[in-house]
Amino acid sequence: MSKSIYEPLTESSAVALAVRLGIFPEGTPLTCREIGDGNLNLVFRIVDQRTGKGIVIKQALPYAKVVGESWPLTLKRAIIESNALRTFASYVPQYVPTVYYSDESLAITVMEDLSHLQIARKGLIEGKTFPLLSEHIGEFIAKTLFYTSDFGMNQQQKKQLVQQFVNPELCKITEDLVFTDPFFDHETNNFEPELRHDVEALWNDETLHLETAKLKRKFLTEADALIHGDLHTGSIFASDTETKIIDPEFAFYGPFGFDIGQFFANLLLNALSRKEHEQAPILYHIEKTWDVFSTVFSRLWEQHNVEPYAKTNGWLQDILHTIFVDAVGFAGCEVIRRTIGLAHVADLDGISDKQRRLEAKRRALQLGRALILHRYSLRSAQHILATFAQTS
Ligand code: ADP
Ligand code: MG
Ligand code: MG
Ligand code: MG
């Protein structure tokens, strides 16, 4: 096929493309709908009306719509996303959609239709618990981190992969929106006026600034492993039996603890939105994620570590401890930015009773701050839950 020129797809040109790619035979009765919910990308679902079987085409837009305005955003993130999904699939095919095709100039990924599953955030808000969610996410993170790190792959090849996943523009979004803006009086922030007093306390908290500066530096500099980079509960499709991770356009070589931290944070935000007697299954997921992650990572370390120092007493324990401490800190940043930064979560914003909503948001700010400041003294997932319980 000749090199394609970028143009945003429409429902009809998406169908034509799927036929041209030979995904459906000519003459198949197809329906197509744009189902994307984001501000950055188009997502088309194309279904064969006779069999009900479909595919999804995700296409990056050259700009991001943000509060009515738009800023240019590289199309390269589409090929990063396709390549990350393929790399993850080589280790854990059961946890990602199959990629059928990608085209860098069209900025598209053609992939498995996951419409039989539900976005985890939506389900969790409806009160579902997805009993296997943490087991699956723990295994997904352990395997993808280990096998793309200097412990699990050829260390020269790893440097090639680092180059393939250089993703400065998308990283900059995280550096600003997760690690910087919420901690200063910045125009991207967005919070209810009743919270101003609590928010200003964060902006004036020099100790908090010092600790977030350290976490931001880790994100800027540590190239441990290929991380997803946006692993919140809106990037996870789930059911009672299956889990699939989507949307790794922020993927890059980053610190081990980042994905775990974002996942923890979004579970905590959901728990904050629930009545106390409905929180247990969500808090269980935090413990279980860490339990499975550390067990699988340790097993891989013992069986497949390529690093000559692997058997050195204390090295694995030291790495696991650092991952945990960092994850707790990253979780704190994510909890805060989802409460007062540019991009909120429906878990909190959707609480209709204003007093309950404000109270949940105040608890979120208190929790985020405590996770960042006390991360070195939290030794286990149970300590995260204790910190959660202490916020009021
Ligand atoms: P964005 O980067 O814009 O957030 P996502 O990859 O998260 O895009 O996709 C946006 C939405 O499109 C998802 O929340 C989901 O509803 C739908 N979607 C994305 N990928 C698939 C898929 N493979 N199968 C079914 N629906 C999908
Ligand atoms: Mg989205
Ligand atoms: Mg998304
Ligand atoms: Mg995305």
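**Exercise 1. The hairpin**

Task: In this predicted model, find what joins strand 1 to strand 2, and state how the two strands run.

Solution:
- Start with the connection. Strand 1 leads into strand 2 through a hairpin of 6 residues.
- Place the strands. Strand 1 covers residues 30–34, and strand 2 covers residues 41–48.
- Read the direction. The two run antiparallel, joined by 5 bridges.
- Pick out a pair. Arg 45 in strand 2 stands opposite Arg 33.

**Exercise 2. The open sheet**

Task: Work out which strands stand at the edges of the sheet with the order 8-10-11.

Solution:
- Take the sheet as a whole. It is open, has 3 strands, and its pairing is antiparallel.
- Look for strands with a single partner. These are strand 8 (118–119) and strand 11 (243–245), so each has one side without a neighbour in the sheet.
- Check one pairing. Strand 10, residues 236–238, meets strand 11 over 3 antiparallel bridges.
- Name a bridge in that pairing. Ala 238 has Thr 243 of strand 11 as its partner.

**Exercise 3. The magnesium site**

Task: List what coordinates the magnesium ion (ligand 4), then decide whether Asp 247 and Glu 249 are buried or exposed.

Solution:
- Collect the donors. Asp 247 appears twice, each time through OD, and Glu 249 coordinates through OE.
- Note the distances. They run from 1.9 to 2.3 Å.
- Apply the cut-off. Buried means under 20% relative accessible area.
- Asp 247 has 16% relative accessibility, so Asp 247 counts as buried. Glu 249 has 4% and is buried too.
- Look for a second ion. The magnesium ion (ligand 2) is 5.6 Å from the magnesium ion (ligand 4).

**Exercise 4. The cysteines**

Task: State how many disulfides the whole structure has, and find which cysteine sulfur is nearest to that of Cys 333.

Solution:
- Search the whole structure. The result is 0 disulfides.
- Turn to Cys 333. Its nearest cysteine sulfur belongs to Cys 171, 15 Å away, and Cys 333 is in no disulfide.
- Recall the criterion. A disulfide needs two cysteine sulfur atoms within 2.5 Å.
- Add the accessibility. Cys 333 is buried at 0%. Cys 32, at 16%, is also buried.

**Exercise 5. A loop residue**

Task: Locate Asp 353 and give its distance from Gln 49 in sequence and in space.

Solution:
- Find the loop. Asp 353 lies between helix 12 (346–349) and helix 13 (354–374).
- Classify the residue. Its relative accessible area is 41%, so Asp 353 is partly exposed.
- Compare with Gln 49. The two are 304 residues apart in sequence and 43 Å apart in space, C-alpha to C-alpha.

Note on methods: Residues numbered from 1 in each chain as written. Chains lettered and ligands numbered in written order. Predicted model: local features only at pLDDT ≥ 70, side-chain atom pairs only at ≥ 80, totals over all residues. Heavy atoms only, no water. Pairing = 2+ DSSP bridges. Helix = DSSP H or I, 4+ residues; strand = E, 2+ residues; numbered from the N terminus. Donors = N, O, S within 2.8 Å, 3.2 Å for Na, K, Ca; no water. Buried < 20%, exposed > 50% of the residue type's maximum accessible area, 1.4 Å probe, protein only.
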